[in-house]
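Reader: I'm new to this one. Could you show it to me and tell me how you know what you say about it?

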Amino acid sequence: MGDDANDPIDHHRTTQPVAGETMKNSAKAPGLVFVAVAVVAFVICLASFAVRQVSVGVGAAIVALLAAGAALAWLTMEGRRVRQVQGDWSRTHHDVR
């Protein structure tokens, strides 16, 4: 399949608007990595507070919040781009559906 940043939707294999989007277009990968970093940092934060290492816990909480914010921003931006590409494709291929 490969990475196709120009058209993230697999129009030939599905009629669903975003089915297979992640498999064809890996542009969401950085956002998903940020989500993983946020989860790991949050677990470290909780563990640090549990063993009374407050400074480590606060640092991990800051990292978790920043990573979660970056993930939300990235995934929102990419979702808007995909919806725009889908709308453009639908306008130019109105005879397909």
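Reader: What share of the contacts with a separation of 6 or more comes from residues 24 or more positions apart?

Author: In this predicted model, such residues account for 54% of the chain's contacts with a separation of 6 or more. A contact means heavy atoms within 4.5 Å.

Reader: What ground rules sit behind these values?

Author: Residues are numbered from 1 along each chain as its sequence is written, and side-chain values use heavy atoms, with hydrogens and water left out. As this is a predicted model, local features need pLDDT of at least 70 and side-chain atom pairs count only at pLDDT 80 or more, while totals for chains, interfaces and linings use all residues.

Reader: How confident is the predictor, and where is confidence lowest and highest?

Author: The mean pLDDT of the chain is 82, and 71% of its residues reach 70 or more. That score is the predictor's confidence in each residue, from 0 to 100. Confidence is lowest in H1, at a mean of 60, and highest in H2, at 96.

Reader: How many helices and strands does the chain have?

Author: Three helices and zero strands, so the elements run α-α-α from the N terminus on. Helices (H or I, at least four residues) and strands (E, at least two) are DSSP runs, numbered from the N terminus.

Reader: How do you know that the span of H3 agrees with what its 39 residues should give?

Author: The expected span of a helix is 1.5 Å times one less than its number of residues. For the 39 residues of H3 that comes to 57 Å, and the end C-alpha atoms are 57 Å apart, so the two agree.

Reader: Is Ser48 buried or exposed, and why?

Author: Ser48 is in helix H2 (residues 29-50). Buried means under 20% relative accessible area, exposed over 50%, and partly exposed in between (1.4 Å probe, protein chains only). Ser48 has 8%, so it is buried. Leaving out residues up to four places away in sequence, Ser48 touches Gln53, Val56 and Gly57. Gly57 is itself one of the buried residues of H3.

Reader: How much of the whole chain is buried?

Author: Buried residues make up 27% of the 97 residues. As for the outside, the chain exposes about 6,600 Å², with carbon and sulfur atoms supplying 67% of it.

Reader: What makes Arg52 exposed?

Author: Its relative accessible area is 74%, which is why Arg52 counts as exposed. Arg52 lies in the loop between H2 and H3. Its phi is near 65°, a positive value in a residue other than glycine.

Reader: Why is the link between Glu78 and Arg81 called a salt bridge?

Author: A salt bridge is a side-chain nitrogen of Lys or Arg within 4 Å of a carboxyl oxygen of Asp or Glu. The closest N and O atoms of Glu78 and Arg81 are 2.6 Å apart, so the pair qualifies. Both lie in helix H3, three residues apart, about one turn of the helix. An α-helix has 3.6 residues a turn, so residues three or four places apart point the same way.

Reader: Are these two partners buried or exposed, or partly exposed?

Author: Glu78 has 5% relative accessibility, so it counts as buried. Arg81, at 25%, counts as partly exposed.

Reader: Which other pair forms a salt bridge?

Author: Asp88 and Arg91 do, with their closest N and O atoms 2.3 Å apart. The count comes to two salt bridges. Asp88 and Arg91 also both lie in helix H3, three residues apart. Asp88 is partly exposed because its relative accessible area is 34%, while Arg91 is exposed because it has 58%.

Reader: Which residues does Ala27 touch?

Author: Not counting residues up to four places away in sequence, Ala27 touches Trp74, Glu78 and Arg81. Ala27 lies in the loop between helix H1 (21-24) and H2. Ala27 and Glu78 are 51 residues apart in sequence, yet 7.2 Å apart in space, C-alpha to C-alpha. With a relative accessible area of 23%, Ala27 is partly exposed.

Reader: What makes Val58 partly exposed?

Author: Its relative accessibility is 39%, so Val58 counts as partly exposed. Val58 is found in helix H3, and together with Phe49, Val54, Ile62 and Leu66 it forms a nonpolar patch on the surface.

Reader: Why is that group called a patch?

Author: Patches are made of residues with over 30% relative accessible area and no salt bridge; like charges are joined within 9 Å, and nonpolar side chains (Val, Leu, Ile, Met, Phe, Trp, Tyr) within 5 Å. Val58, at 39%, is over that 30% mark, so it can belong. The patch has about 450 Å² of accessible area together, a value from the Shrake-Rupley method with a 1.4 Å probe, where for residues only the protein chains shown count as cover. Helix H3 (residues 54-92) gives the most to the patch, with four residues.
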